[in-house]
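Please keep the sequence and the coordinates side by side while reading. The paragraphs below are meant to be followed with the model open.

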Amino acid sequence: QVHLVESGGGLVQPGGSLRLSCTASGTRFTEYTMGWYRQAPGRQRELVAAITSGGGTNYPDSFKGRFTISADIGERTVYLQMNTLKPEDTAVYYCKFSATIGLYNYDYWGQGTQVTVSS
């Protein structure tokens, strides 16, 4: 069972920055993808950024430029640097760990960390 621990959320003023981190434990997967999703009240959960164990990254267009994902592959830790934050970035941010072995997909979610952008 993969366990994800997220940290780094909080309250920040518009234009500020935050760095989220997420560490996966309890896994022996050597090939995996870790990503950040967010869910604002009344909205669907959406992908923010993802990174593979090989270092490849994926960003939806709406997050390119302000958000940067990085990882310490050996520590199974992923980071999300968020800059120039806007009130509309307020959401619960979730970490996701995914791996595929053969025909089986394994997905694990963290509990989420609240990010609030407000003056």
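What follows moves from the overall fold to one sheet, then to the disulfide, the aromatic rings and two loop residues.

The structure is a predicted model, in which local features need pLDDT of at least 70, side-chain atom pairs count only at pLDDT 80 or more, and totals for chains, interfaces and linings use all residues. Residues are numbered from 1 along each chain as its sequence is written, and side-chain values use heavy atoms, with hydrogens and water left out.

The protein contains zero helices and eleven strands; helices (H or I, at least four residues) and strands (E, at least two) are DSSP runs, numbered from the N terminus. Along the sequence the pattern is accordingly β-β-β-β-β-β-β-β-β-β-β. The C-alpha atoms fill a box of roughly 45 × 25 × 25 Å, taken along the principal axes. For 119 residues, a compact globule would have a radius of gyration near 14 Å, and the protein agrees with its 14 Å. That radius is taken over C-alpha atoms, and the globule rule is 2.2 Å times the number of residues to the power 0.38. Of the 119 residues, 41% count as buried, where buried means under 20% relative accessible area, exposed over 50%, and partly exposed in between (1.4 Å probe, protein chains only).

One sheet can be traced strand by strand. Four strands form an open sheet in the order E1-E3-E8-E7, with antiparallel pairing; two strands pair if DSSP finds at least two bridges between them. Strand E1 (3-7) and E7 stand at the edges with a single partner strand each, so one side of each has no neighbour in the sheet. On average, neighbouring strands of this sheet are turned by 15 degrees against each other, direction ignored. The axes behind this value are lines fitted to C-alpha atoms, for helices over the stretch in contact, and angles run from 0 to 180 degrees between N-to-C directions.

At one edge, five bridges join E1 to E3 in an antiparallel arrangement, and His3 has Ser25 in E3 as its bridge partner. In a regular strand the side chains alternate between the two faces of the sheet. In E1, Leu4 and Glu6 make up the covered face, whereas His3, Val5 and Ser7 make up the uncovered one. At the other edge, E7 and E8 run antiparallel and are joined by six bridges; here Ile69 stands opposite Leu80 in E8.

Strand E3 also takes part in a covalent link. A search of the whole structure finds one disulfide, defined as a pair of cysteine sulfur atoms within 2.5 Å. Cys22 and Cys95 form this bond, with their sulfur atoms 2.1 Å apart. The pair links distant parts of the chain, as Cys22 lies in strand E3 (residues 18-25) and Cys95 in strand E9, 73 residues apart. The torsion about the S-S bond is about -85 degrees, so the disulfide is left-handed. Cys22 is buried, with a relative accessible area of 0%, and Cys95 is buried, with a relative accessible area of 0%.

Strand E9 contributes to the aromatic contacts as well, through Phe97. The whole structure holds seven aromatic pairs. Rings of Phe, Tyr and Trp (its six-membered ring) pair if their centres lie within 6.5 Å; planes under 30 degrees apart count as stacked, over 60 as edge-to-face and the rest as tilted. The rings of Tyr32 and Phe97 are stacked, because their centres are 5.0 Å apart and their planes stand at 20 degrees. Tyr32 lies in the loop between E3 and strand E4 (33-39), 65 residues from Phe97. Tyr32 is buried at 6% relative accessible area, and Phe97 is buried at 0%. Ring pairs link these two residues with Phe29, Tyr106 and Tyr108 into a cluster.

Arg45 meets rings in another way. Its charged end sits over the ring of Tyr94, 3.7 Å from the centre, and also over the ring of Trp109, 4.6 Å from the centre. A charge sits over a ring if NZ of Lys or CZ of Arg is within 6 Å of the ring centre and within 35 degrees of the ring normal.

Two loop residues deserve a look at their backbone. Arg76 has a positive phi of about 50 degrees although it is not a glycine; this residue is found in the loop between strand E7 (67-72) and strand E8 (77-82). Thr84 likewise has a positive phi of about 50 degrees without being a glycine, and Thr84 lies in the loop between E8 and strand E9 (91-101). Arg76 is buried, with a relative accessible area of 19%, whereas Thr84 is partly exposed at 46%.
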